[in-house]
Amino acid sequence: MIKYLKGNPLITEAKIMKNRYLRLVCIVIAFTSFQHASFAQATASPVAKTFRVGIFAPLYLDSVFSVEGKFKYKGIPHFISPAVDFINGVELALDSLRTDTSKIEAYIYDTKSYISPVDKLINARKLDKLDLIIGSVKDQEYKQLAAFALKRNIPFISATYPNDGGITANPFLVLVNSTLKAHCEAIYSFVLQNHGTDKVFLVRKKGFQEDKVAEYFNMINKPDGKPLLNIETINVDNTITADILAKKLDSNYQCIIIGGSLDESFAKDLTTACYDLSEHYTTTLVGMPNWDGFKSLTKKDAFENFPIYFTTPYFNNKTDDFSRTVTDGYATKYKGIAGDMVFKGFECTYLFTKLLIAHPYDFMSQLNDPNYKVFSDYNFRPVMLNKDDSIPDYFENKHLYFIRIINGGVSKAW
């Protein structure tokens with residue numbers, strides 16, 4: 001049974017135009033009350049525990065609506081679209097959880113509210129009774145919620161932010177979207193196990209993120225000061241060309257090329273160079289986790305029969321029962337096609353609410369309970385940034401899929 005609460009001054013109900021259809025997006029502190037059929041007869045039964053779940057996302061409602069309550073845009077602006085999709089997925093998960101006999105109170109918070117931002121909610125003790133926090137947040141709100149979760153011993157599920165945000169000594173923080181370091185570790189492990197004797201190149205350009213990627217690989221490759229793999233770094237100033245790459249490659253060996261940049265232009269140039277050389281050189285190109293979003297790499301006729309690999313914590317072929325629930329539910333409720341953020345909102349809300357119900361007193365030790373899998377496989381491990389520490393800095397999902405892009409299609413490779 002899910003209980004939705006009304007009457008809070010932060011409740012906002014917004015009608016938003018999207019894809020030429022009028023959709024009702026309920027952005028609320030909590031919702032309307034629903035009762036399970038057996039609950040009305042429970043007067044003589046013990047009072048069941050109520051599980052209170054708070055979901056946080058940057059909806060910017062005070063910015064997109066006028067003081068008269070009119071929506072300022074013709075369609076949903078890009079800067080709130082991911083959060084709206086995430087919350088739509090949350091609502092579909094809550095709909096699916098209504099049949100659960102446990103008492104659940106679900107609350108949705110707009111982290112960009114002028115009236116009640118996160119710090120004000122915390123200071124006013126409006127969040128003290130929460131049993132679980134799920135956030136598609138970053139930056140200031142991420143740090144505020146993490147600090148609050150630690151202070152109150154409340155699990156905080158960071159659903160989409162691929163960063164630890166500098167948080168340390170917080171055993172109640174859970175990162176679902178793996179950090180860049182974790183992706184580098186997964187790539188390195190794959191290369192070490194499968195291509196330990198092949199030529200390995202890290203190709204990069206100048207930049208802060210590129211420095212971090214190079215630093216991660218160097219640190220992973222030299223745990224005791226001596227390199228396990230012979231990784232040669234190729235530095236380029238602006239663009240990488242086939243001529244530059246050919247000077248380093250050897251046609252007698254298979255070469256592993258790691259694209260050490262999160263920049264789309266660089267990714268396209270490196271892929272073009274590898275593709276142009278593929279007739280004479282056997283290469284395996286592995287990119288960074290954000291390469292899946294680069295349209296230049298996913299065009300059907302861009303790089304014919306040339307595979308590009310990247311890592312991701314999420315994989316969903318959308319053929320399972322949960323996926324059909326999301327797809328059909330979204331089409332019925334919102335008259336559209338569910339995007340990735342909808343699925344992420346659904347998965348995090350459904351999975352971690354079920355885990356909370358099943359393990360209310362040892363939630364953090366049961367994060368990897370396989371009985372409640374939704375779409376992706378996860379492997380949450382404690383992270384100690386200092387090996388001498390006894391308290392985890394946070395828990396992070398270390399299960400990463402290797403995905404292949406080829407001829408515009410995306411599929412699981414390993």
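Here is a short walk through a sheet, two helices and a loop in this predicted model.

Let's begin with the sheet. Strands of a sheet pair through backbone hydrogen bonds, either parallel or antiparallel. Here, seven strands form an open sheet with mixed pairing, in the order E10-E9-E11-E12-E13-E16-E17. Strand E10 (231-236) and strand E17 (409-412) each have a single partner strand, so one side of each is left without a neighbour in the sheet. On average, and with direction ignored, neighbouring strands of this sheet are turned by 25° against each other.

Now look at the edge where E17 lies. Its pairing with strand E16 (residues 401-406) is antiparallel and runs over four bridges. You can find isoleucine 405 standing opposite valine 410 of E17. Helix H6 (residues 208-221) packs on the sheet, where it touches E9 (199-205), E10 and E11 (255-259). The direction of H6 makes about 155° with that of E9.

Next comes helix H5 (residues 180-194), which lets you try a small check. With 15 residues at 1.5 Å a residue, H5 should span 21 Å, and its end C-alpha atoms are indeed 21 Å apart, so the two values agree. Which residues of H5 are buried? They are Leu180, Ala182, His183, Cys184, Ala186, Ile187, Tyr188, Phe190 and Val191.

Finally, visit the loop between helix H8 (264-277) and strand E12 (283-286), where you will find glutamate 279. Is glutamate 279 buried or exposed? Exposed means over 50% relative accessible area, and glutamate 279 has 69% relative accessibility, so it counts as exposed. Its C-alpha atom is separated by 9.9 Å from that of serine 251, which is 28 residues apart from glutamate 279 along the chain.

Methods: Residues numbered from 1 in each chain as written. Predicted model: local features only at pLDDT ≥ 70, side-chain atom pairs only at ≥ 80, totals over all residues. Heavy atoms only, no water. Pairing = 2+ DSSP bridges. Helix = DSSP H or I, 4+ residues; strand = E, 2+ residues; numbered from the N terminus. Axes fitted to C-alpha atoms, helices over the stretch in contact; angles between N-to-C directions. Contact = heavy atoms within 4.5 Å. Expected span 1.5 Å × (residues − 1). Buried < 20%, exposed > 50% of the residue type's maximum accessible area, 1.4 Å probe, protein only.
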